[in-house]
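Subject: the structure we talked about

Hi,

Here is the structure I promised to pass on. Have a look at it first, then read my notes below.

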Amino acid sequence: MRRIGTLPDPDEARRFSDYLYTQSIECSVDPRTSSDAPPPDGASPSPAVCDLWIRDETHVERAKQELETFREDPDNERYRVGGAAERRRKQQQAEEKRKKQLQQKVHPKSPVGGGPLMGAPLRQQAIPIVIAVIVLSVIASFATNFGQPHPSPVPGELSLEETVFYGLSFVDWRDYVFTEDAFASIKKGQVWRLVTPIFLHGDAFHLAFNMLALYFLGSVIERLEGSWFMLGLLLASGIFGGLVQVWLPEKDSLPPLLAGLAGSPFSIGASGAVYGLFGYLWIRPALSPMYPVRMVPANVAIMLGWLVFCVFFVDRIANGAHIGGLIAGVVIAAVVSRLGSNRFS
């Protein structure tokens, strides 16, 4: 805090403090006598003065200028804002109370997990969508031998692993071989293929990384926004990310530097959906000041840096899904914030 000066009249000091508050400047009034020494016996005490203290150092210079202007005409009508200041204080108190209540969902008293991406503890209760996606991803990944299904010992027949993998991929390779159309299976009515590649993963590390990120990010969103919203955000990000991956040109038509942006209908994994959740939690707090969580800046840098690094230096990564999912999450955050939510506005 910084002292910017004094005013001789407590009423004037309060009026000036209220005015600064309506200008988003926090000012404290500290009454005191003009002399620290006690008055002689029988003498009247020194007249009171009010010290003015500014909480935020960045507001000190402006507050000093406002004080000089106020001293020139303290009775000006512009400074009679006591009612407006009081309403604003009550509104701010109500907002702080609501924010604390929302934060209880993210900062439970007895957490059983951790959320390093947000710097917030997490718990497993009330996140059925997150748990369901993790369970389905583990089952699907192991059931297909992590994208490398074992063939059937019977010639001409598909093994169970092959049947599951071909049935959950974006396109059945047998349809693709004959048509070279990435949407061949979907055009036959198998619309679940827009979603099911999210549950397939290429190896144990791929699965573990995506599921941990899904848990940390998705748990926060599902507790704050609800399971239906979480499901919609997850599906929108995963589907749009998958479509971007399919729509990108093939590797042969790209310059070597951009080979990491090659498209394919056979990409698998939940990373597109994960980047959608990340994009939502990254942008939503910036647009909704009362949103009770913030992404840790270092982790924002890691997520974005990893995306760029994969484009240029890592082979066989669905970078199109990452980019598409991120775009979907950012757009949804912008739309939801613009539509308005009384809880977070």
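Let me begin with the empty space inside. The largest cavity has a volume of about 190 Å³. Keep in mind that this is a predicted model, and every value here is computed from it. If you are wondering how one finds a hole in a protein, rolling a probe the size of a water molecule over the atoms shows where empty space is left.

How many cavities of 30 Å³ or more are there? The count comes to 1. Its lining is made up of 21 residues, and P197, G242, S267, G269 and A321 are the ones nearest the centre. Two elements, α9 and α10, each give two or more residues to that lining. The largest share comes from α9, with 5 residues. As for the chemistry of the cavity lining, 12 residues are nonpolar, 9 are polar and none is charged.

**The largest pocket**

Next comes the largest pocket, which holds about 1,000 Å³ of space. It has 37 lining residues, and those nearest its centre are S267, D315, R316, I317 and A318. You have met S267 already, among the residues nearest the centre of the largest cavity.

Which helices supply at least two residues each to the pocket lining? They are α8 (204-225), α10 (271-287), α11 (297-313) and α12 (319-339). Helix α11 gives the largest share, 5 residues. Sorted by class, the pocket lining has 19 nonpolar, 13 polar and 5 charged residues.

R316 deserves a second look. You'll find R316 in the loop between α11 and α12. Its phi is near 55°, which is a positive value in a residue other than glycine. R316 counts as exposed because its relative accessible area is 82%, and the cut-off for exposed is over 50%.

Now step along to N319, which lies in helix α12. Is N319 buried or exposed? It counts as buried, because its relative accessibility is 1% and buried means under 20%. Leaving out residues up to four places away in sequence, N319 touches Q245, G260, L261, L307, C310 and V311. Of these, Q245 is itself one of the buried residues of α9.

**Helix α9**

That brings us to α9, which runs over residues 227-247. It has 21 residues and reaches 30 Å from its first C-alpha to its last, close to the 30 Å expected at 1.5 Å a residue. The buried residues in α9 are M230, L233, L234, S237, G238, G241, L243, V244, Q245 and V246. What covers them includes α4 (128-143), α8, α10 and α12.

**Helix α4**

Helix α4 is a nice one to practise on. It has 16 residues, which should span 22 Å at 1.5 Å a residue, and its end C-alpha atoms are indeed 22 Å apart. Its buried residues are I129, V130, V133, I134, S137, A140 and S141. Why do these sit on the same side of α4? They cover an arc of only 140° around the axis, so they end up on one side of the helix. The spacing helps you see it: an α-helix has 3.6 residues a turn, so residues three or four places apart point the same way.

On the other side of α4, I139 and F142 are exposed. The cover over the buried residues of α4 includes α5 (160-168), α8 and α9.

After α4 comes N145, which has a positive phi near 55° although it is not a glycine. N145 lies in the loop between α4 and α5. With 26% relative accessibility, N145 counts as partly exposed, because that class runs from 20% to 50%.

**The whole protein**

Finally, the overall picture. The secondary structure comes to 12 helices and 5 strands. There are 345 residues in the protein, and buried ones make up 43% of them. Among contacts between residues at least 6 apart in sequence, 70% join residues at least 24 apart.

If you want a place to start in the viewer, try S267, which is among the residues nearest the centre of the largest pocket and among those nearest the centre of the largest cavity.

Cheers

How values were computed. Residues numbered from 1 in each chain as written. Predicted model: local features only at pLDDT ≥ 70, side-chain atom pairs only at ≥ 80, totals over all residues. Heavy atoms only, no water. 1 Å grid on protein atoms, 1.4 Å probe; cavity = no way out; pocket = protein on both sides within 12 Å on 5 of 7 lines; lining within 4 Å. Points joined across faces, edges and corners; volume = space filled by probe spheres on them. Helix = DSSP H or I, 4+ residues; strand = E, 2+ residues; numbered from the N terminus. Nonpolar A, V, L, I, M, F, W, Y, C, P; charged D, E, K, R; others polar. Expected span 1.5 Å × (residues − 1). Buried < 20%, exposed > 50% of the residue type's maximum accessible area, 1.4 Å probe, protein only. Contact = heavy atoms within 4.5 Å. Arc of directions from axis to C-beta.
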